[in-house]
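Hi,

Here is the structure I promised to pass on to you. Have a look at it first, and then read my notes underneath.

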Amino acid sequence: IPYLPKIRNFEMYVIKLFIRFIITVVYSGVIYAGICVIIFTIDKLLFEFNASGLVYLDAFFIVAGTFGVCFFLAGVPAAGEELDKNNYPSILKILVLYIVIPMLSIYTLILYIYFLKILVTLQWPEGVVTNLVLWYSIIGTAVLFFVSPLKDSVKWVKYFISWFSKLILPLVVMMFVSMGIRISAYGITENRYYVLIMGIWIAAIMIYYSLKKSPNNIILPVSLAIIAVLSVVGPWSSFSVAEYSQNKRLEAILTKYDMIENNQIARAKTELSTTDKIEITEIISYFDNTDRLEKVKYLPENYDNSNFEDTFGFEPVY
C-alpha cells in the first residue's frame, strides 16, 4: 500500500519486502533457538524450575512479536526511495533463473505426461490432481512476478513468461474438472472453496499474461488482496458458502426419506442406505468439527452428537 501511488518498479518493492521477511525469519529463528537453549540449560543445570512448554511458547511470541516485527519493519523502503531494476538481488536472481525455472519446466513436462495418461486410460485419480496443479500454479505465478524485472536484461525470460502463462491453462482446466468431481460428490467446504477461488484467480491472471504484451504486475497483489478479503466477509465468504452447500446436501437426503416434519428432523420411516448414512454422518461431523452445529438446518435445539441416534434413528456410520 505505501508504494501504490508510485507503481514504477513495484516488483522491486515487493522483492525487497520478501527478502527482508526471509532474513527476519532466519534471524528470529536463531535468536529463539538460542533462548530455548539458555532456558533448557538453566532449568537442567542451575535452578531446576521444570520449564513447561508454555515458557518456550512465550519465548517464541516475544521474539516474533517484538524483535521479528521491529526488524522486518525497519527494512521497509522509506517513502520516496527509488528502487532500480538494476539492483535486483543476485542471490534471488540465481535462485529463480537457474534453479526454480528449470525445475518448474521439468514439473510442467511431468504434469503434461500425466495429463495425457489420464486421457489415454480415462481413469481420473482421486484428489491428487488438485493439490499437484494448485501448488504448482501458485509457485509459477509467484515466479512470473519475481522474474518480470529481468525480462529486459535476460532475453529468454520474456519467452518464458509468454509460454508458461499459456501452458499452465490446460493444467488449470484439469484442476477444475477434478475439483468439480469432488464438489459434485461432497459439496463445498472451506478448503474446496479456497482451492476453487485460487484456481479462478490463477486462470484469470494467466489469461491476462497471455493476452497482454506488457502486463502490469501490480494487478497480482492487488487482485489477490481483494479476493482474500471477499473470501472471509459477507454471504459469498467461504464460511457462508460452505454452510449453504452442506445444508443443501443434508436437506436433499432428508427429503428423499421424508425425514423433515414441522421444520425439524424426524426418524426415517424406511431404512436408509449405507451411503446416505455415511453422508449424513460426515455432514454432521463437518459442522461439529468446526463448532457450528447450530448452523445445521432442522436440528433440534441443544443438539449434540450424543443425541445422534435419537435424532436420526441410526448410529453414526463412518
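**What I found**

Let's start with a pair inside one helix: Glu251 and Lys248 make a salt bridge, with their closest N and O atoms 3.9 Å apart. Before you go further, keep in mind that this is a predicted model. Both residues sit in helix H8 (residues 238–256), and because they are three residues apart there, about one helical turn separates them. Lys248 has 42% relative accessibility, so it counts as partly exposed.

In total, the model has eight salt bridges. A second one to look up joins Glu190 to Arg292, and here the closest N and O atoms are 2.6 Å apart. Which parts of the chain does this pair tie together? Glu190 belongs to helix H6 (residues 190–211), while Arg292 is in the loop between helix H9 (274–289) and helix H10 (308–312), so the bridge links parts that are 102 residues apart in sequence.

Are these two partners buried or exposed? The cut-off for buried is under 20% relative accessible area. Glu190 comes out at 12%, so it is buried, and Arg292 is buried too, at 10%. The pair also isn't on its own: Glu190, Glu243 and Arg292 are linked in a network of salt bridges.

For a contrast, try Glu261 and Lys269, which form a salt bridge with 3.0 Å between the closest N and O atoms. Glu261 has a relative accessible area of 40%, which makes it partly exposed. Lys269 reaches 62%, so it counts as exposed.

**On the surface**

Next, turn the model until you find the nonpolar patch. Its members are Ile94, Leu95, Tyr98, Ile99, Met103, Trp156, Tyr159, Trp163 and Leu167, and together they have about 1000 Å² of accessible area. Two helices, H3 (90–121) and H5 (155–186), each supply at least two of the patch residues. Which helix gives the most? That is H3, with five residues. Over on helix H5 you'll find Trp163, which counts as exposed because its relative accessibility is 57%.

**Two pockets**

The largest pocket holds about 560 Å³ of space. It is lined by 23 residues, and those closest to its centre are Val14, Phe18, Ala142, Phe145 and Phe146. Several helices give two or more residues to this lining: H1 (10–47), H3, H4 (128–147), H6 and H7 (219–230). The largest share is from H4, with seven residues. What kinds of residues line this pocket? There are 21 nonpolar and two polar ones, with no charged residues.

The second largest pocket has about 220 Å³ of space. Of its 13 lining residues, Lys158, Ser162, Lys212, Lys213 and Pro215 are the closest to the centre. Here the elements that give two or more residues are H5 and H6, and H5 has the largest share, four residues. The lining is made up of four nonpolar, four polar and five charged residues.

If you'd like a place to begin, colour H3 and pick out its five residues in the nonpolar patch. After that, go to H4 and look for the seven residues that it gives to the largest pocket.

Cheers

Key. Residues are numbered from 1 along each chain as its sequence is written. This is a predicted model: local features need pLDDT of at least 70, side-chain atom pairs count only at pLDDT 80 or more; totals for chains, interfaces and linings use all residues. Side-chain values use heavy atoms; hydrogens and water are left out. A salt bridge is a side-chain nitrogen of Lys or Arg within 4 Å of a carboxyl oxygen of Asp or Glu. Buried means under 20% relative accessible area, exposed over 50%, partly exposed in between (1.4 Å probe, protein chains only). Patches are made of residues with over 30% relative accessible area and no salt bridge: like charges are joined within 9 Å, nonpolar side chains (Val, Leu, Ile, Met, Phe, Trp, Tyr) within 5 Å. Accessible areas come from the Shrake-Rupley method with a 1.4 Å probe; for residues, only the protein chains shown count as cover. On a 1 Å grid over the protein atoms alone, a cavity is a set of points where a 1.4 Å probe fits but cannot get out, and a pocket is an open set with protein on both sides within 12 Å along at least five of seven lines; lining residues have an atom within 4 Å of a point. Grid points are joined across faces, edges and corners, and a volume is the space filled by probe spheres set on the points. Ala, Val, Leu, Ile, Met, Phe, Trp, Tyr, Cys and Pro count as nonpolar, Asp, Glu, Lys and Arg as charged, and the others, Gly among them, as polar.
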